[in-house]
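Visitor: I'd like to go through this structure with you, starting with what is tucked inside.
Guide: Happy to; here it is.
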Amino acid sequence: MVNQGNPARAVVFFDIDGTLIRRIGLAHRHALIEAVRRATGLETSVDGIPLHGMLDTEILAAMLANAGASRRLIRAAMPEIQRRAQAHFARHCPNLERKVCPGVRRLLGRLERAGVPMGLVTGNFSRIGWKKVERAGLKRHFRLAACADMGPDRAALLRLAMREARARGWLKRGTVVSLVGDTPRDVQAAQANGVRSVAVATGLCNMEELRASSPDVLVEDLRVLPAGVLTCL
């Protein structure tokens, strides 16, 4: 169990989509499309948008722009779209227990037994991200989340997550902080914050794409990632 008041030897943050959970089908994109329709009346799609690594806010802005929305409309409508998208997804998220990526349950269990605090750094909106890990049976492992509605990019979200971890007393000088993700954007976020980047090829990016971003650790899936790599045991 995590001791909430004492600094940990390591803290690990995880992306969700492609890292913890495989592609879940259409529920997420349908939530975004339906939210835009109800909030603005515009018909949109995600066609042609490179979704992997993007925040939900970025995806929605691209959807709206492609449908002809002005920047002013996008800014004005975004809070209502976010609210509707999260509510829609919460109602329609499928069971995701069979969508958990290889090695995830074993790794999370080992980190938890070692007393390593874990959090989420995700491009999902807050309710969407938490609902996904809940429906995958993983929610109990995570103590905090930095989500798309909290910052402009992944680097900012990781800074926010680290700030919260520090406020909870988890971080001290010498604590090993890692971000595990499946896209170059996750790697870049880790690099921007001076923490260890772990890239895993269970998402839409292959090994070569991930290698080009120069992660500290690169694995095909989390079955081959020893917990000691994250805890320096």
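Guide: One term before we start: a residue is called buried when its relative accessible area is under 20%. Please also keep in mind that this is a predicted model.

Visitor: OK, so F14 and F142, buried or exposed?
Guide: Both F14 and F142 are buried.

Visitor: And how many aromatic pairs does the structure hold?
Guide: There is 1 aromatic pair in the structure, and it is formed by F14 and F142, whose ring centres lie 6.0 Å apart with the planes at 75°, so the pair is edge-to-face.

Visitor: Where do F14 and F142 sit along the chain?
Guide: F14 belongs to strand β1 (residues 10–14), while F142 is in the loop between α5 (126–135) and β3 (144–146), so that the pair, with its partners 128 residues apart, links distant parts of the chain.

Visitor: Which residues have the most contacts inside the largest nonpolar core?
Guide: That core has 77 residues, and those with the most contacts inside it are F13, F14, L20, M63, L111, L138 and L222.

Visitor: Take L20, then; what is it in contact with?
Guide: Setting aside neighbours within four places in sequence, L20 is in contact with F14, D15, K99, V100, C101, V104, L120, V133, L138 and F142, a list that includes both members of the aromatic pair, F14 and F142.

Visitor: Switching to strands: why is β5 described as largely enclosed?
Guide: Strand β5 (residues 196–200) has 4 of its 5 residues buried, and it is therefore largely enclosed by the rest of the structure.

Visitor: In which sense do β4 and β5 pair, parallel or antiparallel?
Guide: Strand β4 (residues 176–181) pairs with β5 in the parallel sense, over 4 bridges, and within this pairing L179 stands opposite S197 in β5.

Visitor: What about S213, where does it lie?
Guide: S213 is in the loop between α8 (207–211) and β6 (217–219), and it counts as buried because its relative accessibility is 12%. Not counting residues up to four places away in sequence, S213 touches P184, V187 and Q191.

Visitor: Last topic, the whole chain: how many helices and strands?
Guide: The secondary structure of the protein chain comes to 9 helices and 6 strands. Of its 233 residues, 55% are buried, and among contacts between residues at least 6 apart in sequence, 71% join residues at least 24 apart.

Visitor: And what is its radius of gyration?
Guide: The protein chain has a radius of gyration of 17 Å, which agrees with the value near 17 Å that a compact globule of 233 residues would have.

Technical notes: Residues are numbered from 1 along each chain as its sequence is written. This is a predicted model: local features need pLDDT of at least 70, side-chain atom pairs count only at pLDDT 80 or more; totals for chains, interfaces and linings use all residues. Side-chain values use heavy atoms; hydrogens and water are left out. A nonpolar core is a set of buried Ala, Val, Leu, Ile, Met, Phe, Trp, Tyr and Cys residues joined through side-chain atoms within 4.5 Å. Buried means under 20% relative accessible area, exposed over 50%, partly exposed in between (1.4 Å probe, protein chains only). Contact means heavy atoms within 4.5 Å. Rings of Phe, Tyr and Trp (its six-membered ring) pair if their centres lie within 6.5 Å; planes under 30 degrees apart count as stacked, over 60 as edge-to-face and the rest as tilted. Helices (H or I, at least four residues) and strands (E, at least two) are DSSP runs, numbered from the N terminus. The radius of gyration is taken over C-alpha atoms; the globule rule is 2.2 Å times the number of residues to the power 0.38. Two strands pair if DSSP finds at least two bridges between them.
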